[in-house]
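Hello,

Here is the structure I promised to pass on to you. Please have a look at it first, and then read my notes below.

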Amino acid sequence: MTQKRSQSALEFDQIIVGAGAVGSALALQFSGLGYRVAVIDARPPSYQSSDPERVIALSYGSRCYLKGLGAWQDDEDIAAGLIRRVHVTEPGNAGLVTMDVTDTKEMAEDVDALGYVVEMGHLLKSLHERMQGQVTLFCPALITNIDSGDAEKKAEVQISHAGKHVVLRGSLLVGADGTNSQVRRRAGIGTKGWDYNRFGLVLSASCKHGHDNVAYECFRESGPLALLPMADGRFSIVWALAPTEAMRLSTMPEPLFMRKLEKAAGSDVIDRTGSIAGIGKRFCFPLELTIAEQYARPRLALVGNAAHTLHPVAGQGMNLGLRDAAVLAEVLSTELAFSDPGAPILMQAYAEKRRLDVMAVSGFTESLTNLFGISLPGARQVRSLALDTMQKMPSVRTLLLRQAAGIGQIESMATHGVIPGKNGKKQAENRVRRGEL
Ligand SMILES: Cc1cc2nc3c(=O)[nH]c(=O)nc-3n(C[C@H](O)[C@H](O)[C@H](O)COP(=O)(O)OP(=O)(O)OC[C@H]3O[C@@H](n4cnc5c(N)ncnc54)[C@H](O)[C@@H]3O)c2cc1C
């Protein structure tokens, strides 16, 4: 894997592989700290709306983070659907948990929604616009070799870009290249996890009464079904299904499919939303859990899906990835980092700070999928009781609300002073160190 090291390399502080939302947010934060950042992506981004739209729900915490980066001007600009209320049900079973944005008032006064539903294309466009002039982007580029370096030796990435062979050298290499991360594989970092033997069926749908800013999570034994309110009044739907069922449902005639979808959501949900009036194209993808065995080693860090790919049931993958970016930038805003941003002690600190959050969120997501997948006699009654108990226990709902809205994330970033945009002093110090000021 290690080739002869090139003499004529372009020098950077960080080389980030992957210009998805997580890699791009991290690049902006590094550049805000005064670092010289290179970003490599294999594919030119597409900001066009696809059918079905690639939609994600972000927490209030993630929105604050993106606002701090200047990548989220206002909710209208980025066409965000607001989740003001969440209904959690098990169709055909008693018990209901609801969470409302007004319940968060005691935790944080200015929270206006529990979550924000955005199209990936809008978010990426906004992040990439902010990156212009701040970072050096190599896209589209093909990676021909990666040497992730070690404590003594900088990392080196060789690419083919615009018909030329280019060598980049950096103190830190970041893998932000998604679930099948080449950076992770080339570094020999293994993963743990499993294939759920489930597919996610994704589509958009409009309902007769609209959504009234409510998100629905319908837990079914065969897999969860989520309905997320989009800015234009439609729902974005993610439905986890066994492979044969997913294939059957994705190809059946629309009217029949709409009735099946209504039945799966349950009468409690459809009474509120009204019947399904129309749907867009349907798309299926496999669901898996993949967690990297190491998040970092000297000169190398993994962020976003390269570090962890979760079941989309709790809508937490991107939120978790943005927290990786915030924490890595926090670690790299210390005095020591300015002299060597890939130093072993910093990478160790990053890995330790992320382990607990990733374990907690992946554990929570797994418990949800497992709890509602049990079909043993009596299991439905136990779940009904659990939902009712949760609804009646303010302390448990407070915990869920903090998680859903990402309020802990905001508090942690504020405590550590890493809310982007508030790093002016660090940025100036870093530029002085390099003799630029
Ligand atoms: C159906 C579905 C619904 C979801 N809903 C939610 C939700 O509601 N909320 C939420 O928080 N999360 C959600 N997620 C998870 C979320 O989409 C991901 O966690 C997030 O997109 C990961 O971002 P990333 O930047 O780490 O990776 P990616 O978005 O995968 O970006 C990786 C980038 O790396 C580039 N790349 C890959 N390989 C190479 C290479 N060899 N060389 C150069 N570049 C390369 C790619 O071109 C891409 O630009 C959902 C996921 C799915 C599938």
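**Around the ligand**

Helix H8 gives the most to the shell around the ligand, with four residues. Please keep in mind as you read that this is a predicted model. H8 covers residues 317-331, and it is one of the elements that each supply at least two residues of that shell; the others are helix H1 (21-32) and the strands S3 and S12. In total, 31 residues surround the ligand. The closest are Gly18, Gly20, Gly178, Gly304 and Gly317. Sorted by class, the shell holds 15 nonpolar, 13 polar and three charged residues.

**A look at Ala57**

Strand S3 is worth a stop of its own. The strand spans residues 55-59, and Ala57 sits in it. Is Ala57 buried or exposed? Ala57 has 27 other C-beta atoms within 10 Å, and because 20 or more are enough for a residue to count as buried, Ala57 is buried.

Which residues is Ala57 in contact with, once its neighbours within four places in sequence are left aside? They are Ile83, Gly115, Tyr116, Val117, Leu228 and Gly315. You could also find Ala80 in the viewer: Ala57 and Ala80 are 23 residues apart along the chain, and their C-alpha atoms are separated by 9.1 Å.

**Backbone points in the loops**

Most residues other than glycine have a negative phi, and most peptide bonds are trans. With that in mind, here are three places to visit.

- Pro140 lies in the loop between strand S8 (136-138) and strand S9 (141-147). The peptide bond from Cys139 to Pro140 is cis, with omega near 0 degrees.
- Ala162 belongs to the loop that runs between strand S10 (155-161) and strand S11 (164-175). The phi of Ala162 is positive, near 50 degrees, although this residue is not a glycine. Ala162 is exposed, as it has 10 other C-beta atoms within 10 Å and the limit for exposed is 12 or fewer.
- Asp212 is placed in the loop between strand S12 (191-207) and strand S13 (214-218). Asp212, also a residue other than glycine, has a positive phi near 50 degrees. With 11 C-beta neighbours inside 10 Å, Asp212 counts as exposed.

If you want a starting point, try H8 and its four residues in the ligand shell, and then go on to buried Ala57.

Best wishes

Notes: Residues are numbered from 1 along each chain as its sequence is written. This is a predicted model: local features need pLDDT of at least 70, side-chain atom pairs count only at pLDDT 80 or more; totals for chains, interfaces and linings use all residues. Two residues are in contact if their C-beta atoms, placed from the backbone, lie within 7 Å. A residue is near a molecule or strand if its C-beta atom, placed from the backbone, lies within 6 Å of it. Ala, Val, Leu, Ile, Met, Phe, Trp, Tyr, Cys and Pro count as nonpolar, Asp, Glu, Lys and Arg as charged, and the others, Gly among them, as polar.
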